[in-house]
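Student: Got a minute to go through this one with me? I'd like to work out how the fold is put together.

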Amino acid sequence: MKTNTILSQDIQHSDGKSAYDTYCLRLLSNFAILSRIAAACVDEFKGCSPQEIADKYLDTPQIRSVPLFPDETNANHRIRGMTNEDKMDTEGERDFDIYFQAVAPSLKEAIRLIINLEAQNKLHPGYPLSKRAIYHVCRIVSSQYGTEFSGSDFENLKKVYSIWILPSPSKKERNTIEKYHIARDVLVGSRTEDEQNYDLMTIVFVYLDEPETQSEVEIIRLLSVLLSNEMAAEKKLAILEKDFGIPITYEIKEGVEKMCDLGESIERHGIELGIEKGIEKGIEKGIETQAKIVEGFMKKMNLSLEDALNIPELSDAEKRAIRLKLQ
């Protein structure tokens, strides 16, 4: 039996939320999952089956790629990751969740694509997510200089997709797929231009739904089940295999089970933390009330703080807390 899979290596030094996120990303980058995301979200793959995409178009030489683990030779089920950091001296550093190249079918010549896949839990992080996504694709486009092309060889610039998976949208945002891309408007005249020359940046937002909801959109149903924090691992695996025809490999089974275990652990910790904070808040409120009573004694009876503290029945700890609050 395989005892140290890619997933195990990825999280051996991680814990809690970080480990959960790692398993999530590794599942999304599995060929069986990623090929279905590409079929649903990448225009160039329309009409291709997920199996065809996985077999022909995702397992291609990567110009800037390095294996996630140099001794890992099984590339049939995982994307051999390109470097997922975009470093530029003048622009700082930007990490991407999943970042790879693909070749799309074409009647003329193969179209090369760069695809960035992001899993985003916070739908409203304090800034418009669409602006962050635009920043992502702009960085990937600009980072091609010196690797995909040099000088003025702009014809070698590759189209970039940034696909954002949002597992926890609000009710009105659920079960939605949005697409942003570059469009061309002819204001005057009748000149034509090949779309491949200007539509080089596409952003797709996939808003998931409750896992039990039967969305008409297959990719939303698939990802809602896969990334659910509520559904048991055994049920997830059964649905993935039966409803979506995904072979349950050791890696997928391990990833789903670990994600569910970690999700339950994180939720349990959150509940315990909430209870603890609630108790602390209750204690704090009680101290505030007692401090007001002591302060009332001081004013009404013209007492010092120490004398007023001796009137109510207070523990030494409560006296210290009230003393600090009033002083």
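**Strands and helices**

Tutor: Sure. Let's start with one residue pair: Leu-117 has Ile-163, in strand 5, as its bridge partner. Keep in mind that this is a predicted model.

Student: And in which sense do strand 4 and strand 5 pair, parallel or antiparallel?

Tutor: Parallel, over seven bridges.

Student: What connects strand 4 and strand 5 in the β-α-β unit, and what is its hand?

Tutor: Helix 5, residues 129–142, makes up the unit with strand 4 and strand 5, and the unit is right-handed.

Student: OK, zooming out. What's the strand order in the sheet?

Tutor: The order is 3-4-5-7-6, five strands in an open sheet with mixed pairing.

Student: Which strands stand at the edges, then?

Tutor: Strand 3 (98–104) and strand 6 (176–181). Each has a single partner strand, so one side of each is left without a neighbour in the sheet. As for twist, neighbouring strands here are turned by 20° against each other on average, ignoring direction.

Student: How do strand 3 and strand 4 pair?

Tutor: In the antiparallel sense, with seven bridges. As an example, Ala-102 has Leu-113 of strand 4 as its bridge partner.

Student: Is strand 4 mostly covered or uncovered?

Tutor: Mostly covered: of its nine residues, seven are buried.

Student: What about strand 5 and strand 7?

Tutor: Strand 5 (residues 159–166) and strand 7 (residues 201–207) are parallel, again with seven bridges. Tyr-161 has Thr-202 in strand 7 as its bridge partner.

Student: Which strands does helix 6 touch?

Tutor: Strand 5, strand 6 and strand 7. Helix 6 covers residues 218–226 and packs on the sheet, with its direction at about 115° to that of strand 6.

Student: And where does helix 3 lie?

Tutor: Helix 3 (residues 31–41) lies across strand 3, strand 4 (111–119), strand 5 and strand 7. Helix 3 runs at about 110° to strand 5.

Student: Switching topic: what's the average pLDDT of the chain?

Tutor: The average is 77, and 73% of the residues score at least 70.

Student: Where is the pLDDT below 50?

Tutor: Residues 1–14 are one such stretch, with 26 contacts in the model beyond near neighbours in sequence. Residues 87–94 are also below 50, and that stretch has 18 contacts counted beyond near neighbours in sequence.

Student: Why be careful with the predicted coordinates where pLDDT is low?

Tutor: Where pLDDT is low, the predicted coordinates shouldn't be read in detail.

Technical notes:
Residues numbered from 1 in each chain as written. Predicted model: local features only at pLDDT ≥ 70, side-chain atom pairs only at ≥ 80, totals over all residues. Heavy atoms only, no water. Pairing = 2+ DSSP bridges. Helix = DSSP H or I, 4+ residues; strand = E, 2+ residues; numbered from the N terminus. Axes fitted to C-alpha atoms, helices over the stretch in contact; angles between N-to-C directions. Contact = heavy atoms within 4.5 Å. pLDDT = per-residue confidence, 0-100. Buried < 20%, exposed > 50% of the residue type's maximum accessible area, 1.4 Å probe, protein only. Right-handed = clockwise from strand over helix to strand, strands pointing away.
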